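This report considers where nonpolar residues are placed in a predicted model. It begins with a single residue and then turns to the surface and the interior.

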Amino acid sequence: YAQDWIGGNMVLWLQEHVVMHHLHTNDVDNDPDQKAHGALRLKPTDAWMPFHMLQQLYILPGEATYAFKLLFLDITELLGWRWEGEPISQLARDLFAPALLMKLAFWARFVGAPLYRYPELHTVACICATVMAGSFYLAFFFFISHNFDGVASVGPEGSLPRTATFVQRQVETSSNVGGKWLGVVNGGV
């Protein structure tokens, strides 16, 4: 539950990253990490919008705002026992109560207690700055680990066919950005 202590959620991470992402790593149709919901154009099959010409300017601030998804939307995903519409396995049902308690404890410890003690706009700014810095770091390295020059994609117009082996897809669709040292620091992303 270490991830829950810092504001994430173990159950949602297992569903999104381990179950959905790693079964379909860089699959243009099935990998949830390849879905930018129109905000970015990550692959040739994404619809092009005129504002995508500026995505190199707004992606970095956008990665920092991922924090607010963790703060405000994860609780609705957890309560609905779904990740982006996909049901979470019933095998993880015993993790629901601890995950919910940890999410509420994070809110109490990280948001509620500081605002109770110091009910000021400065406190809100400090909370936002902290979660945005952590969010930026995680989102930045996860994003480039699968969207890097030379990293393969699977599916329509991708360099790997869907018939490639699981191991081949895992190896060829990922990169350890920054070499061995950064790979260790980032947990191998």
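## V18 and its setting

V18 is located in helix 2. Its relative accessible area is 43%, and this residue therefore counts as partly exposed, since that class lies between the 20% limit for buried residues and the 50% limit for exposed ones.

## The nonpolar surface patch

V18 belongs to a nonpolar patch on the surface, with an area of about 620 Å². The other residues that make this patch are L14, V19, L23, F166, V167 and V171. Two elements, helix 2 and helix 7 (166-172), each give two or more residues to the patch. Helix 2 gives the most, with 4 residues.

## The nonpolar cores

The largest nonpolar core of the model comprises 11 residues: V11, L12, M20, I75, L78, W81, W83, I88, A92, A99 and L100. At least two residues of this core come from each of helix 2 (10-23), helix 4 (66-80) and helix 5 (96-117). Helix 2 provides the largest share, 3 residues. Helix 2 thus appears both in this core and in the surface patch.

Apart from this core there is another, of 7 residues, which include A67, L71, F110 and I127.

## Contacts of W81

W81 is one of the residues of the largest core. Leaving aside residues up to four places away in sequence, W81 touches V11, E86, P87, I88, S89, Q90, A92, R93 and F96. Among these contacts, V11, I88 and A92 are also listed in the largest core.

Conventions. Residues numbered from 1 in each chain as written. Predicted model: local features only at pLDDT ≥ 70, side-chain atom pairs only at ≥ 80, totals over all residues. Heavy atoms only, no water. Core = buried A, V, L, I, M, F, W, Y, C linked by side-chain atoms within 4.5 Å. Buried < 20%, exposed > 50% of the residue type's maximum accessible area, 1.4 Å probe, protein only. Contact = heavy atoms within 4.5 Å. Patch = residues over 30% accessible without salt bridge, like charges linked within 9 Å, V, L, I, M, F, W, Y side chains within 5 Å. Areas by Shrake-Rupley, 256 points an atom, 1.4 Å probe, with all protein chains shown as cover. Salt bridge = Lys/Arg side-chain N within 4 Å of Asp/Glu carboxyl O.
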